[in-house]
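Me: I'm new to this one, so could you take me through a single part of it, the largest pocket? I'd like to know what lines that pocket and where the lining comes from.

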Amino acid sequence: MVDLGALLSQIGIEGEAQNWVLRSLAVILSVFVVIMARRVITAMFVAPLRYVVNRTPWKLDNTLFEAALGPLRMIIVAQVLVLIGRVLLPDDSLYSLVAQGIARVVTIIAMMILLYRFIDTLISSSKQVFNMTGLVIEDRLLPFIRVGLKILLISIGAIIAVQSLGYDVNGLVAALGAGGIGLSLAAKDTLANI
């Protein structure tokens, strides 16, 4: 196996410059591995699953499958970034820390995008809501429910992402709670009319 650090030292690149060269190589290698992994995963898993999903009589599974592909790709990219950092730069704590932070945030964002897409897909009509839950909801209320769920989802996702970076979110949660109480008191008459 080739020791890249020794090779860079032989050509006169040492110290912090050597670390930056190794980090740059790690990023370039990550991009290459992600592109190759995407092709392999598509050939091995996505194409056969798409074939199976397209053969079912239901259209909902097609929509859910297509909605899940983008976030799944984001998660794969984030995990490959961490893996490349561990393999290529095992002693570089800065790259490892940054890569892990980015991977956590990208994974959280991917999950929030997935749930956001599922809200639109699963709450598209009152008939679909009735089939899933047994609740009868009028079609004119569905946009309000979708928007409310999306706002709740974005708020929770933002709190989780900020907390995963190591920040204290107690003040943010308290502010959101107070804002929610104020909004509910302001919209009391509107909701009573609905």
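Reply: Of the 194 residues in the protein, 25% are buried. Keep in mind that this is a predicted model. A bit more on the setting before we get to the pocket: the protein exposes about 13,200 Å², and carbon and sulfur atoms supply 70% of that area. There are eight helices and zero strands, so reading from the N terminus you just get α-α-α-α-α-α-α-α, where each α is a DSSP run of at least four residues. Among the contacts with a separation of 6 or more, 56% join residues 24 or more positions apart.

Now for the part you asked about. Rolling a probe the size of a water molecule over the atoms shows where empty space is left. In this protein, the largest pocket holds about 300 Å³ of space. Its lining is made up of Phe 144, Val 147, Gly 148, Ile 151, Ser 155, Leu 176, Gly 179, Gly 180 and Leu 183. Two elements give two or more residues each to that lining: helix H6, spanning 142–164, and helix H7, spanning 170–186. H6 provides the largest share, with five residues.

What about the chemistry? Sorted by class, the lining has five nonpolar residues and four polar ones, with no charged residues. Gly counts as polar in this sorting, so Gly 148, Gly 179 and Gly 180 belong on the polar side. Phe 144, Val 147 and Ile 151 are among the nonpolar lining residues, as are Leu 176 and Leu 183.

Methods
Residues are numbered from 1 along each chain as its sequence is written. This is a predicted model: local features need pLDDT of at least 70, side-chain atom pairs count only at pLDDT 80 or more; totals for chains, interfaces and linings use all residues. Side-chain values use heavy atoms; hydrogens and water are left out. Buried means under 20% relative accessible area, exposed over 50%, partly exposed in between (1.4 Å probe, protein chains only). Contact means heavy atoms within 4.5 Å. Accessible areas come from the Shrake-Rupley method with a 1.4 Å probe; for residues, only the protein chains shown count as cover. On a 1 Å grid over the protein atoms alone, a cavity is a set of points where a 1.4 Å probe fits but cannot get out, and a pocket is an open set with protein on both sides within 12 Å along at least five of seven lines; lining residues have an atom within 4 Å of a point. Grid points are joined across faces, edges and corners, and a volume is the space filled by probe spheres set on the points.
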